[in-house]
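Trainee: Could we go through this one slowly? I'd like to learn how the labels are earned.

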Amino acid sequence: RQHEVPRRVKRAWVIPPISVSENHKRIPHLLVQIKSDKQQPGGVIYSIKGPGVDEEPLGIFSIDKFTGKVFLNAMLDREENDRYRLKAFALDLGGATLEDPTDLEIIVVDQNDNRPLFRQDIFTGHIVEGAEPGTCVMTVDATDADDPDTDNAALRYSILEQGAAGMFSINATTGEICAARPSLDRETVGVYNLTVQAADMSGDGLTTTATAVIYLEDINDNPPEFTKEEFSMEVEEEAAGVDVGKVFVHDKDLAGSPNWLAKFTILEGDPEGAFAIRTDPYTNDGVLSVAKPLDHEARDRFELTLSVQNERPLEPTAPASPRALATVRVQVRDVNEAPIFRENPRRVSVLEGAPPGTPVTTYTASDPDTRQLQTLTYALLYDPAEWLQLDPHTGTVRTRRELLHPSAFLQGGWYIALVLARDDAEPPLSATGTLSIEILEVNDHAPLLQPPAGVVCGRPGRGGSLLLGATDDDRPPHGAPFHFQLSPQHPQLARNWSIARFNGEGQPGWGPLPGGAGGPLLTVCPCPSRSDPRGAGRAGGAARGALLAPAAAPGLGDPPAGAAPAAEHFVLAGLGAARVRGRRRALRKGLLQRSGDDMRDNILNYDEQGGGEEDQDAYDINQLRHPELFVPRARPPVRRDALLSSATPPAPRKLPSSPSDIEDFINEGLEAADSDPSVPPYDTALIYDYEGSGSVASPLSSIVSSLTDEDQDYDYLSEWGPRFRRLADLYG
């Protein structure tokens, strides 16, 4: 193989870094000369580019294009730019590149031309008083713009000034300030102002200063103390809620803080709690006030023992106070007090109609000023009806005129008056008492029956009725409710007359009539008939009426002069009422006694409103109530007080075939009722309402066609429609 001969390696065009000190004052200053060995001297053109040449900042560096010398044309500041990186070029005279571009680095060497700077002019810190040595407060720090890798930026801290005793120290490297002694006392020195310094070159170079302000935080190491041991005050009696005076205290702790704020307590001398004490938040003094009204006559002086302490507990190391207790002497001054009515209002009772001069009561007041000689006088302050008279010296109240009901001055039976009591002090004081007088009701009015007259008519065997009421000018319990009764002087009235309660105004009563009671005179006479409109009686007994005329009782049983021979006179003292409903129940009971529980002879009300399908025209109901006015019949009435021996009326009865036969149907029912011995005297006739004709359903009365279930056939119920299907299933 052919042997390779080593060739010479061409040396690269390399320029080492160039160092230059900042702040160089000899300008221009030669930094370096660059050369290229590609051409003979004079045959190469040199140039540089980069910051400081053709880039900002311009004009700092320049080069001689023929010799290759690089010059510094301005002062450099390392804090602005610590190095410059340029490019160097070598060209021949024709402009062709002789060398590749190479780097030219210019390094600016630092000088100690910058002082240290604290981050703030004043530093603030807090530390509690009594802190242990070594307790740190804060850290002060500074900066230096010089090269941190040189002593130009190596800082050291120190305290130049802090006052006496040297209470604080500073770490020279970190700038941390800490307590140096254990005797920090806010009450002695509350604020420390320190002058601190920072120096570069490890403390030997440039320096700067700042202020460190240290505040001592308060702790409760001083108890409050009274300024003196005894205090004296005065207060008027009967004054409640007023301030009596102040007790003064002193506390060395920080004003306004919980360590300074005092709290007072009344330890002795006020078992009833007549006084109270509070703290003035601005002055920290104790304000003594009256919590309950004081009475000079009961107690004219007080000696109170007070204690004081802080809101926040004392520190264990705090000393005890020799003035934590004080004595307060309070003198109670006597003042004039108003009279007092011990019983207010006073309630008394007086009978209605009491004559003038009747004693009502003695209403007096008492004077609380027992240690002053005073006289009380009395007067009527309010007497709207002028019913009363008052003794101004004794307070005795009497009636001036008769007290009567009713009166516009009475309120629910009470009369209200006001009595004034006044003392003779200067100035005089007075008090007002309320006198409530109950006017007791007296039974001095007889009840009056209303109406004073009335007329009652009825058919034979039917009882008539008369509705009576009563009024009374007296109030309860001598007024309503009333008790009504038949006159006990005429016992025969009870055979044919009865009296019953109708509403809440009357109650049956059978005792003797009270004195002054009154009653109407009831006269029974024939009523006019259809054939004799003038009132001629029919043979065998006519329908009777009643004429009610006023008469006084007792002693009104004699008939008045001129009365008709056939008339009967009765004295009533109450409400005459026909017990129609009760007698109907009795009649039904009597008719059904022989058939047990068979109720089919009754007409049951199923709350059906109206008649049959074709019952569109109203039927004259007067034909049912007064059939004798339309179809006269001559059937004699049956005496109710006679013995009856008739058997149960025959059944079934024939139903009416037309409206004209309704009277006969009803009269047959009446006759059956008259024949029943179990019916009470003078019962009324049974009334059956007729609901019209033409209904597809048979009359309900046909259900009761016999008195026994065995004689009745109920198969036809199934033909009456859906309403009677259930009955057909039960009885068919």
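Mentor: Sure. Start with the cut-offs: buried means under 20% relative accessible area, exposed means over 50%, and partly exposed is in between. Keep in mind that this is a predicted model.

Trainee: Then why is Arg119 called exposed?

Mentor: Its relative accessibility is 57%. Exposed means over 50%, so Arg119 counts as exposed.

Trainee: And what makes Asp141 partly exposed?

Mentor: Asp141 has a relative accessible area of 26%. That falls between the 20% and 50% cut-offs, so partly exposed is the label for Asp141.

Trainee: Why is the pairing of Arg119 and Asp141 called a salt bridge?

Mentor: A salt bridge needs a side-chain nitrogen of Lys or Arg within 4 Å of a carboxyl oxygen of Asp or Glu. Here the N to O distance is 2.6 Å, so the pair qualifies. Arg119 sits in the loop between strands S8 and S9, and Asp141 in the loop between strands S10 and S11, 22 residues apart.

Trainee: What makes Asp218 count as buried?

Mentor: Its relative accessibility is 14%. Buried means under 20%, so Asp218 gets that label.

Trainee: How do you know that the side chains of Asp218 and Arg186 make a polar contact?

Mentor: The distance is 3.1 Å, and the cut-off for N or O atoms is 3.5 Å, so the distance fits. The side chain of Asp218 also has a polar atom 3.2 Å from the backbone nitrogen of Leu254.

Notes. Residues are numbered from 1 along each chain as its sequence is written. This is a predicted model: local features need pLDDT of at least 70, side-chain atom pairs count only at pLDDT 80 or more; totals for chains, interfaces and linings use all residues. Side-chain values use heavy atoms; hydrogens and water are left out. Buried means under 20% relative accessible area, exposed over 50%, partly exposed in between (1.4 Å probe, protein chains only). A polar contact is a pair of N or O atoms within 3.5 Å; within protein, one must be able to donate a hydrogen and the other to accept it, and residues adjacent in sequence count only if both atoms are side-chain atoms. Helices (H or I, at least four residues) and strands (E, at least two) are DSSP runs, numbered from the N terminus.
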